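Here is a short, friendly tour for a newcomer. Take a moment with the sequence and the picture, and then read on.

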Amino acid sequence: MKEQDIDVVAYMQDIGVRARAASRAIARATTAEKNTALEAIADAIIAGRAALLEANRRDMAAGREQGLDAALLDRLELNDERVDGMAEGLRQIAGLPDPVGEIKDMNYRPSGIEVGKMRVPLGVIGIIYESRPNVTADAAGLCLKSGNAAILRGGSEALHSNQAIAACVRQGLDVAGLPQDAVQVIEITDRAAVGELIRMRDYVDVIVPRGGKGLIARVSEEARVPVIKHLHGVCHVYIDDKADFDKAIAVAFNAKTQRYGTCNTMETLLVAEGIAAAILPPLAAKYAGAGVELRGCEKTCAILTDARAATEADWDEEYLAPILSIRVVPDLDAAIEHIHAHSSQHTESILTEDLSRARRFTAEVDSSSVMVNASTRFADGFEYGLGAEIGISTDKIHARGPVGLEGLTSQKYIVIGDGHIRT
C-alpha cells in the first residue's frame, strides 16, 4: 500500500495499542533478557554495517538534492565510527545497573509499617527526532533497559537509515524472546503522524522531542501527553582572568569546533577584560584556521579587527554552524549576568584556576550542566556514563540534563505491614 493511501489515525492507533501491550511485557522482563536483547542488537548493527551505510547513502543523496544545510547533513551522516558508536552505546547500556525494581529508603514508621520507594518504568515513550539516525539505536536501547516500550518517529530525511536500524532492533528483540512491538519505528513520513502521537494519552505516557526549535515548540504547544524537552542550546564558555592560558585556548577551541551541529556546542564565548587582549588574538587565529566566523562586541572588535560586529540577536542565536559570538565582560559577575539573560539553560563552562570563582559559577549559573575547565561538548549521556541519552532536558521537573535510564523511570511507594490497621 502506498503511503498516501494509509489512514494515519488508524495506523497510529494500532501502533499505540501494540505499544501499550508490549509495555507490560517489557516491564516484567528480567535484566538478563534485556541485556541479551541489547547485545544482540549491537551484534546485528555490526553485522549489518554494509546495509546500514548503504541505506544512509540513499538518505544523504536525497538530502543533498533537497538542499539540506551542512549542519543537517552532518547529523544525518553515518560512517564506520558512528556505526561502531551505536553498537558501543548499546553495550554500555547493557553493562549499566538495571534501575527497574530497585527499592530504596525503606524505613519503619511509628505505626510499625515499613515504607520505601521502588523504581518503575514510565510505560510507553514516544520519541520524535530529526536527522540523526543513531538516535534510533540510542532510544531503543535506553527504553529497553529502563523497561519501557518505545514509539520512534524519525525525520523523513533519515527514513531509510532508521528503518535499517529498526530491522537490527527487531532481530535483537527476537533473540531475547521479547516482543518486537516493544520498539516500533513509524514507517510513514506524513507529519500528521506526529500530531497523532503527541495526543495519544491512552497509549503514550511521555513524549521526548529531539530536533530543531520549530519541532520542539510545536510539540510543546500541541501535546496532550507530558513532554521532556529542551528548545535549543545556546551554550557559553567564560574565560576568567584567573584561567590557565593554554587550557583556556584548548577548551574554548574544542567547545566550538569539535562538532558544529550539536546542541552542546559553544555558541557564545565570554572573556574577562583583564585577559582579553592577550588571549583573543591567538584564539582567533585558531578559529580562523578552522574557518570559524567571529562576531564580537565593540571591545572584541577593537582587539580583533577582522571580527564582524555582533548584533543583539547574536547573543541569543544557536548557530549550529562555524560562527561564534564573543563578548568581553568586566568580570565574573558580568559573565553570570550575561548567561542569565541569554542562556537556554543547557550547558555553560567556566575556565579558571580560582576555586572560589569556580564554586560561585557552579552555584549561581542555572543550567542543566555547569562545568569547570571542561568543554561543553562533554554534555552528553555517553560522556556522562549513561551509555547513551534519550535527549537533554532543560526542564526542572522530573528529569534535567542528559536523560538516561533513571530519567526514563519513576517511583512508586512500597508499604509492608504484618496485619497493620490504622487507628
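## Sheet and strands

Two strands count as a pair if DSSP finds at least two bridges between them. In this predicted model, seven strands form an open sheet in the order 10-9-11-8-7-12-13, with parallel pairing. At its edges are strand 10 (308-309) and strand 13 (369-372), each of which pairs on one side only.

Inside that order, strand 7 (residues 235-239) and strand 8 (residues 266-272) are joined in the parallel sense over five bridges. To find a spot on this pairing, look for Val237, whose bridge partner in strand 8 is Leu269.

## Helices on the sheet

Now turn to the helices. Helix 10 lies across strand 7, strand 8, strand 11 (323-329) and strand 12 (347-351), and it runs at about 160° to strand 8. Helix 13 (residues 332-342) also packs on the sheet, where it touches strand 7, strand 8, strand 11 and strand 12. The direction of helix 13 makes about 175° with that of strand 7.

## An aromatic pair and its neighbours

The structure holds one aromatic pair. Its members are Phe253 and Tyr287, which are tilted, with 5.9 Å from centre to centre and 35° between the planes. Phe253 belongs to helix 10 (residues 245-257) and Tyr287 to helix 11 (residues 273-289), so the pair ties together parts that are 34 residues apart in sequence.

How buried or exposed are the two partners? Phe253 counts as partly exposed, because its relative accessibility is 21% and buried means under 20%. Tyr287, in contrast, is buried, at a relative accessible area of 1%.

Phe253 has a charged companion too: the charged end of Lys286 sits over its ring, 4.4 Å from the centre. Elsewhere, Arg327 lies over the face of Trp315, at 4.3 Å from the ring centre.

## A buried strand

Next, look at strand 6 (residues 206-210). Five of its five residues are buried, so this strand is largely enclosed by the rest of the structure. Both of its faces are covered, with Val206, Val208 and Arg210 on one side and Ile207 and Pro209 on the other.

Strand 6 pairs with strand 3 (residues 124-129) in the parallel sense over five bridges. Here Ile127 stands opposite Val208.

## Two nonpolar cores

Ile127 appears again in the largest nonpolar core, which has 50 residues. It is one of those with the most contacts inside that core, a group that also includes Ile45, Met86 and Leu144. Leu144 touches several residues that are over four places away in sequence, among them Ile26, Leu38, Leu173 and Val183. A second, separate core has 40 residues, including Val251, Leu280, Ala284 and Leu351.

Methods. Residues numbered from 1 in each chain as written. Predicted model: local features only at pLDDT ≥ 70, side-chain atom pairs only at ≥ 80, totals over all residues. Heavy atoms only, no water. Phe/Tyr/Trp six-rings, centres within 6.5 Å; stacked < 30°, edge-to-face > 60°. Helix = DSSP H or I, 4+ residues; strand = E, 2+ residues; numbered from the N terminus. Buried < 20%, exposed > 50% of the residue type's maximum accessible area, 1.4 Å probe, protein only. Lys NZ or Arg CZ within 6 Å of the ring centre and 35° of its normal. Core = buried A, V, L, I, M, F, W, Y, C linked by side-chain atoms within 4.5 Å. Contact = heavy atoms within 4.5 Å. Axes fitted to C-alpha atoms, helices over the stretch in contact; angles between N-to-C directions.
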